[in-house]
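Trainee: Could you take me through one part of this model in detail? I would like to follow how a sheet is put together and what packs around it.

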Amino acid sequence: MNQEVKKYKVGQKAFKTQNLFSISAFIETKASTSSKYPYCEDIIFLEFSEGKNSSGGFVYDTKNKISMMINSDELRCLMYGCKELLKNGKSDYKNYSDPGLSSSTTNGSKKVLTLGFSQNTYFINIEMSNRKVSINFDKYKLLSFCDTLENIANEAESLLFNYQRKLEASINKQSQQQS
């Protein structure tokens with residue numbers, strides 16, 4: 001079986017504040033060495049780009065973005081952390097990345113995703129080495145953000161499960177025709 005990795009886009013959503021936060025969801029498939037069925041998973045990239053003033057006006061520095069790769073379960077954990085932050089004004093939520101598991105256009109350093117609250121403003125922070133990029137929300141935008149996280153996680157999982165069923169049916173049909 002071909003060892004090629006295939007990636008199918010589920011969707012993308014960006015949140016623009018003084019910095020840019022983008023969420024991109026994919027279904028990824030690769031051949032399994034132990035089964036006739038390929039390995040399928042949902043992968044989600046969280047990308048943070050700093051906003052900068054330039055001669056052409058305000059732009060987001062997407063060339064030096066900080067990216068973290070997670071899955072739909074981890075995206076839901078972020079949503080629950082945000083809801084905890086809304087309810088209590090604090091959250092213990094943290095997500096650490098392994099440099100081998102996430103991509104970054106700057107380097108493969110360990111990253112940490114955290115949440116914060118100060119003066120009626122809610123923050124999602126990502127830190128890598130000596131860099132920190134924050135996205136801020138008011139209460140209502142954070143509530144809307146939580147809904148978006150849940151929708152993306154649900155859609156990625158639903159598409160993953162549907163794709164797996166269709167792929168399995170197709171492989172089984174091919175196997176029956178060859179018998």
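Mentor: Happily! Let's start with L115, whose bridge partner in strand 8 is I124. That pair belongs to the antiparallel pairing of strand 7 (residues 111-118) with strand 8 (residues 121-128), which runs over eight bridges. Keep in mind as we go that this is a predicted model. Two residues lie between the strands in the hairpin of strand 7 and strand 8, and there Q119 takes a positive phi near 50 degrees.

Now step across to the other side of the story, strand 9 (residues 131-137), which pairs with strand 8 in the antiparallel sense over seven bridges. Here N125 stands opposite S134 of strand 9. The hairpin of strand 8 and strand 9 also has two residues between the strands, with S129 at a positive phi near 50 degrees.

Strand 6 comes in through strand 7: the two pair in the antiparallel sense over four bridges, and K94 stands opposite T114 in strand 7. Put together, the four strands form an open sheet in the order 6-7-8-9, with antiparallel pairing. Strand 6 (94-97) and strand 9 are at the edges with a single partner strand each, so one side of each has no neighbour in the sheet. On average, neighbouring strands of this sheet are turned by 20 degrees against each other, direction ignored.

What packs on the sheet? Helix 1 (residues 72-88) does, touching strand 6, strand 7 and strand 8, and its direction makes about 20 degrees with that of strand 7. Helix 2 (residues 139-178) takes another course: it lies across strand 8 and strand 9 and runs at about 100 degrees to strand 9.

These elements also meet in the largest nonpolar core, which has 33 residues. I23, L46, F48, L75, L78, L113 and F145 have the most contacts inside that core. Two or more residues each come from strand 2 (19-30), strand 3 (39-54), strand 5 (66-70), helix 1, strand 7, strand 8, strand 9 and helix 2. Helix 2 gives the largest share, seven residues.

F48 is a nice place to pause. Leaving aside residues up to four places away in sequence, F48 touches L20, F21, K65, I66, L113, I124, I126, V133 and I135. I124 brings us back to our starting pair, as the bridge partner of L115. Apart from the largest core lies another one, of five residues, including I27, L160, L167 and I171.

Note on methods. Residues numbered from 1 in each chain as written. Predicted model: local features only at pLDDT ≥ 70, side-chain atom pairs only at ≥ 80, totals over all residues. Heavy atoms only, no water. Pairing = 2+ DSSP bridges. Axes fitted to C-alpha atoms, helices over the stretch in contact; angles between N-to-C directions. Contact = heavy atoms within 4.5 Å. Core = buried A, V, L, I, M, F, W, Y, C linked by side-chain atoms within 4.5 Å. Buried < 20%, exposed > 50% of the residue type's maximum accessible area, 1.4 Å probe, protein only.
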